[in-house]
Number of protein chains: 2
Amino acid sequence: MITIKEIAKLANASSSTVSRVLNDSGYVSEETRKRVLKVIEETGYIPSEQAKSLRTKKTSVIGVIIPRLSTDTTSRLVNAINDELAKKGYQIILTNTNLHAEKEVEHIKLLRSRQVDGLILIATNVNDVLLKEIRNSPTPIVVIGQEIPGVSVIVNRDFEAAKQMTQLIIENGHNKIGFIGVHETDKAVGVDRKAGYLAALNGAGIPVNEQWIVDANFDYQTGYRAMKQMMEQSTIKPTAVLTVTDTIAIGAMQYMHEHHLAIPDDIAITGMGNSKVSQYIVPSLTTIDFLNEQTGKEAARLILNIIDGKEKRPKKIQMKYRIIKRDSV
Amino acid sequence: MITIKEIAKLANASSSTVSRVLNDSGYVSEETRKRVLKVIEETGYIPSEQAKSLRTKKTSVIGVIIPRLSTDTTSRLVNAINDELAKKGYQIILTNTNLHAEKEVEHIKLLRSRQVDGLILIATNVNDVLLKEIRNSPTPIVVIGQEIPGVSVIVNRDFEAAKQMTQLIIENGHNKIGFIGVHETDKAVGVDRKAGYLAALNGAGIPVNEQWIVDANFDYQTGYRAMKQMMEQSTIKPTAVLTVTDTIAIGAMQYMHEHHLAIPDDIAITGMGNSKVSQYIVPSLTTIDFLNEQTGKEAARLILNIIDGKEKRPKKIQMKYRIIKRDSV
DNA sequence: TTGTATGCGTTATCAT
DNA sequence: ATGATAACGCATACAA
């Protein structure tokens, strides 16, 4: 590999002068600047960020830990984070836990060993080991999606969103409303959204039917299976179903189609997340837009502010959301 | 940050000894090993990959350049690449050009400045600047998706796949077959798949109708618009449409639904890519599985082999594909 | 305006 | 079996 020393030699200058040219720092005459630049151009020299950051203690890299790479939510978050950081000259290094929660700590360590300037963690669950790792990390961390006391987080109003969506269903004349959620290890999606659903039922004086409450797991297939389970195990059938993600909803809809249940006439359904495809399926899906782009942007800004020392204390940002009414209710 | 020197001091050893413990290299007595390990544990010391790779000339990082992060194809490729590389102790650093082809060169340079051991480029187009950059890069590069002479590539049989799919449509009794493609800057998808379509028509003695050939751009919206354009501009209407991606197909299907065209009875449609959702929409989409997981795996293996010097000459790998017959034809 | 010297944290060579 | 030391490529304090 070609180094700054060789450039210096070729340009008849010292490495410090080349460094000055590279960084626009200190004095350097126009003449030598041109000479150096010419050599750099000719040789295709690219400075080593490695060496640079070993010296400066700054990598301009933010580590981003995601639970999966296959959902609209994740890709929109990551894109927004990336765009915002790129504007400020930062790059991201992505690591994917593939939903293995136990790997989160491992990935934090891995990224820290790469000396990232900061970390953004899209969290699906919070356990003691992870909590300890986050709290003890000398590298600034921003968590997206789960509320953690004493840690900088960006969260959705999961409870309110689910409650409001359930109320919308109730307003449409339903009182037999099923629910497809996810496991409670995911506090935000598994617990809070379910609590919102229950609160809305309760507020409307509608009794809870346990036969109508089932779990899925963030993909089409388990959405389908959950719907099947709900219909097969219930003595009285629901006329509407609230699901906690669009993917689950679409899986559930396939079951309905297969069994010739008209949506929304025989059974209504809602998703959450406003995935791009939700608008293009038939019928189009009533869902909740959690403003992922804005969330990603906020996360990027927050981590940079923490790094710059502009944000000293843990900050909690609650994102807004929008109910998107379409044809499935 | 805590360094190897401080560990050495705390453990009453030299930094060389600590290094030996860390890397399981050379002799070190069981006693001191334990002593060192204990200090490492207590302090939470994490070695700096920066410094390490400055010394060893090896980062164990592969740069992956993708055109977008929002499609199934990309996320499955990246996941497969990541899984395979992780097995061998490599990490990936992802950069996203957001479909701005001119940024590819910039990203290659960016990643090279990070001293990545190798690069995997998911290409959508090939131009002279990019070609020159790839050919001159001292860092090994594997390209996915586009054929480039003299460069290691993993490609699909785009021509054959499109041709075979068109033949399948013809076998189903159609002879008025539309085509929604993408711009020809994308050789594989824009040119080769179109050529396959044309070859199939030609082989069956079906004349080409230019009114039935339109372009979209890898998203639902332009798929919808392309379908609209095709139907509005054509005097005779097609009874089937071949599209080059599932996303485009789903966008087109929405137009059909809106205009009460029954699929496949009034109009048949096919996609390509076997996106997860293609199975769950109604009707389910006939498509082509390009075996993305295997492609990603091959790419990962190839780049590692090149790095290890096991693969000296540029290698071209052609992936297989499977036609997936479902209900849209 | 330019150059010399030092150190960032690590590994590897060479003594001991 | 262990330690002192140099080197990796760069930025910077200081000298010239």
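## Two protein chains on two DNA strands

Around DNA strand C stand 26 residues, and those that come nearest are A:S16, A:R20, A:R55, B:I4 and B:R55. This is a predicted model. Both protein chains appear in that list of nearest residues.

**DNA strand C**

What part of strand C faces the protein? Of its atoms within 4 Å of the protein, 60% belong to sugar or phosphate. The rest belong to bases.

Individual polar contacts show these parts of the strand. The side chain of A:S16 places an N or O atom 3.0 Å from a base oxygen of strand C. A:S29 uses its backbone instead: an N or O atom there lies 2.7 Å from a phosphate oxygen of strand C. A:K57 reaches a sugar or linking oxygen of strand C, with a side-chain N or O atom at 2.6 Å. Four elements give two or more residues to the surface near this strand: α2 (15-23) and α4 (49-56) of chain A, and α2 (15-23) and α4 (49-56) of chain B. Of these, α4(B) gives the most, with five residues. By residue type, the surface near strand C divides into ten nonpolar, eleven polar and five charged residues.

**DNA strand D**

Strand D is also surrounded by 26 residues. The closest are A:I4, A:Y45, A:R55, B:Y27 and B:K57. Sugar and phosphate make up 59% of the strand D atoms that come within 4 Å of the protein.

Here the listed polar contacts come from chain B. A backbone N or O atom of B:S29 lies 2.8 Å from a phosphate oxygen of strand D. The side chain of B:R55 has an N or O atom 3.4 Å from a base nitrogen of strand D. B:K57 has a side-chain N or O atom 2.6 Å from a sugar or linking oxygen of strand D. The elements that give two or more residues to the surface near strand D are α2 and α4 of chain A, together with α2 and α4 of chain B. Which element gives the most to this surface? It is α4(A), with four residues. The surface near strand D holds nine nonpolar, twelve polar and five charged residues.

The table sets out the polar contacts to both strands.

| Residue and part | Strand and atom | Distance |
|---|---|---|
| A:S16 side chain | C, base oxygen | 3.0 Å |
| A:S29 backbone | C, phosphate oxygen | 2.7 Å |
| A:K57 side chain | C, sugar or linking oxygen | 2.6 Å |
| B:S29 backbone | D, phosphate oxygen | 2.8 Å |
| B:R55 side chain | D, base nitrogen | 3.4 Å |
| B:K57 side chain | D, sugar or linking oxygen | 2.6 Å |

**The annotated domain**

An unreviewed UniProt entry places the feature "domain: HTH lacI-type" at residues 2-56 of chain A. Over those residues the chain is 69% helix and 0% strand. The end C-alpha atoms of the stretch are 21 Å apart.

**How the two chains relate**

A rotation of 180°, with 0.0 Å of shift along its axis, superposes chain A on chain B with an RMSD of 0.0 Å. The two copies are therefore related as by a two-fold rotation axis. In chain A, the C-alpha nearest the axis belongs to A:I93, at 2.4 Å. The same surface serves both copies, as 100% of the contact residues of chain A recur in chain B.

**One residue between the chains**

A:S113 lies in helix α6 (residues 103-113) of chain A. Is A:S113 buried or exposed? It counts as buried, because its relative accessibility is 8%, under the 20% cut-off. Its side chain reaches the backbone oxygen of A:L110 at 2.6 Å. Across the chains, A:S113 touches B:I46, B:P47, B:S48, B:E49 and B:Q50.

Note on methods: Residues are numbered from 1 along each chain as its sequence is written. Chains are lettered from A and ligands numbered from 1 in the order in which they are written. This is a predicted model: local features need pLDDT of at least 70, side-chain atom pairs count only at pLDDT 80 or more; totals for chains, interfaces and linings use all residues. Side-chain values use heavy atoms; hydrogens and water are left out. UniProt positions are given in the numbering used here, feature names are shortened, and annotations may be inferred rather than shown by experiment. Copies are superposed by least squares on the C-alpha atoms of residues with pLDDT of at least 70 in both. Contact means heavy atoms within 4.5 Å. A residue is near a molecule or strand if one of its heavy atoms lies within 4 Å of it. A polar contact is a pair of N or O atoms within 3.5 Å; within protein, one must be able to donate a hydrogen and the other to accept it, and residues adjacent in sequence count only if both atoms are side-chain atoms. Ala, Val, Leu, Ile, Met, Phe, Trp, Tyr, Cys and Pro count as nonpolar, Asp, Glu, Lys and Arg as charged, and the others, Gly among them, as polar. Buried means under 20% relative accessible area, exposed over 50%, partly exposed in between (1.4 Å probe, protein chains only). Lists of a residue's contacts leave out its neighbours within four places in sequence.
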